[in-house]
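Hi everyone, thanks for coming. I'd like to walk you through a structure that is probably new to most of you.

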Amino acid sequence: MLKKLALVALVTAASISTSFASDKINGAGASFPAPLYYDWAFSYKKDTKNRVNYQSIGSGGGIKQIAKRIVDFGASDKPLDSKKLAKAKLLQFPAVIGSIVIAFNVDGIADETLKLSNDVVADIFAGKITMWNDAAIAANNAGIKLPNQKITVVHRSDGSGTTFNFTYYLSGSSKNWKDTYGTGKAIDWAVGIGGKGNEGVANLVKQTPYSIGYIENAYKEKNNLSAAVLKTANGKWVVANEDNFKAAAKYASWTKEDNFYAMLALQPGDTSYPIVAATFILLPTEKSEMNKKTIEFYDYAFKNGDKSAKKLGYIPLPEATKNMIREYWAANIQ
């Protein structure tokens, strides 16, 4: 799989290096779904000869570029509400569901063994818990030898939908976090070092002993990192795996009338992983002909891309949601 990813990344990088042309679809934004969009674009070109160039620049950059009509579509993990969409003259629909994991780099502690309650995660990223052997971490990890080492927090340095969904989860888990930092694509971090994109955070965690960061699950799998066990909104311990991501995703309450605006973190259920999020596509309302080309690509992905989505650690949209999106396209793109 890593060989394939490397090949896809190489092909995509080559595509990105060329100048934009009218016969291509050009998109930019969230790094969260980038590995999957690269894979879908690779297959789409092979099957249809049509090219899709996607630049992983973060959700904030994607929103800015589509607002200025620099690209044909923007991508963001932070959905825009109907008022903002109307003001920017944009359409919006979800493309795939993913999950954010708490990745760490501590020798001797294996993947899916370290338990971090949601309030402890908030206190680590707020700089209130600074040592790996802090009593609050040790309380839920009997039998694990926690090192007497300082925690290095890794966060995003760019405007990020992943940060938006992560801080939405932290705000729902900790009053201190909500009152002090809140929810946003970029916040004034109390501690830590910043990496650009999910790629940058994953690389920093991988290279920095005793570090911890938040990344989309595909980057954890790609970089062979370890992830913590978290708690559901119902207070049950839950590992980061496909079944638990699906358990949370089934609570998605999207509607065409709201342009699919909804957050998926902290859903009810004893097995619902707490940091699940959808990623969204933004289209300019006035670009009907190019929008038709863009939705042809996503319709192709919806019909042919579920297998690759699962392989990369994402959750494909339910068929009912895909059909709702097609109805939204028919109503809004003439």
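I'll talk about the two domains and the contact between them, and then about some salt bridges.

One thing to keep in mind as you look: this is a predicted model.

Okay, the domains. The assignment splits the chain into domain 1, made of 26–97 + 253–262 + 277–333, and domain 2, which is 100–250. So how far apart are the C-alpha centres of domain 1 and domain 2? They lie 27 Å apart. Where the domains touch, domain 1 puts in 20 residues and domain 2 puts in 21.

Now the area. Interface size is often quoted as the accessible area that is lost when the parts come together. Here, domain 1 and domain 2 bury about 1500 Å² between them, and carbon and sulfur atoms give 62% of that. If you want names to look for on the domain 1 side, try Phe32, Lys78 and Ile315: they supply 32% of the area domain 1 buries against domain 2, more than any other three residues.

What about polar pairs across this interface? The count of salt bridges between domain 1 and domain 2 is zero, but there are seven residue pairs in polar contact. On the domain 1 side, helix 2 (34–48) and helix 3 (59–67) are the elements that give two or more residues. Helix 3 gives the most, with three residues. Sorted by class, that side of domain 1 has eleven nonpolar, six polar and three charged residues.

Right, on to salt bridges. How many does a search of the whole structure find? Twelve.

Let me show you a few. Arg69 and Glu286 pair up through their side chains, at 2.8 Å from N to O. These two are 217 residues apart in the chain: Arg69 is in the loop between helix 3 and strand 3, and Glu286 is in the loop between strand 11 and helix 12. Arg69 is partly exposed, at 24% relative accessible area, and Glu286 is partly exposed too, at 42%.

Next, Lys220 and Asp111, with an N to O distance of 2.9 Å. Lys220 sits in helix 10 and Asp111 in the loop between strand 4 and helix 5, 109 residues apart. Is Lys220 buried or exposed? Lys220 is buried, with a relative accessible area of 5%, while Asp111 is partly exposed at 30%. Add Glu221, and you have a salt-bridge network of Asp111, Lys220 and Glu221.

Last one: Asp158 and Arg156 form a salt bridge at 2.8 Å, N to O, and both residues are buried.

That's it from me, thanks!

How values were computed
Residues are numbered from 1 along each chain as its sequence is written. This is a predicted model: local features need pLDDT of at least 70, side-chain atom pairs count only at pLDDT 80 or more; totals for chains, interfaces and linings use all residues. Side-chain values use heavy atoms; hydrogens and water are left out. Domain bounds come from an automatic or database domain assignment. Contact means heavy atoms within 4.5 Å. Buried area is the accessible area (1.4 Å probe) that two parts lose on being put together, summed over both. A salt bridge is a side-chain nitrogen of Lys or Arg within 4 Å of a carboxyl oxygen of Asp or Glu. A polar contact is a pair of N or O atoms within 3.5 Å; within protein, one must be able to donate a hydrogen and the other to accept it, and residues adjacent in sequence count only if both atoms are side-chain atoms. Helices (H or I, at least four residues) and strands (E, at least two) are DSSP runs, numbered from the N terminus. Ala, Val, Leu, Ile, Met, Phe, Trp, Tyr, Cys and Pro count as nonpolar, Asp, Glu, Lys and Arg as charged, and the others, Gly among them, as polar. Buried means under 20% relative accessible area, exposed over 50%, partly exposed in between (1.4 Å probe, protein chains only).
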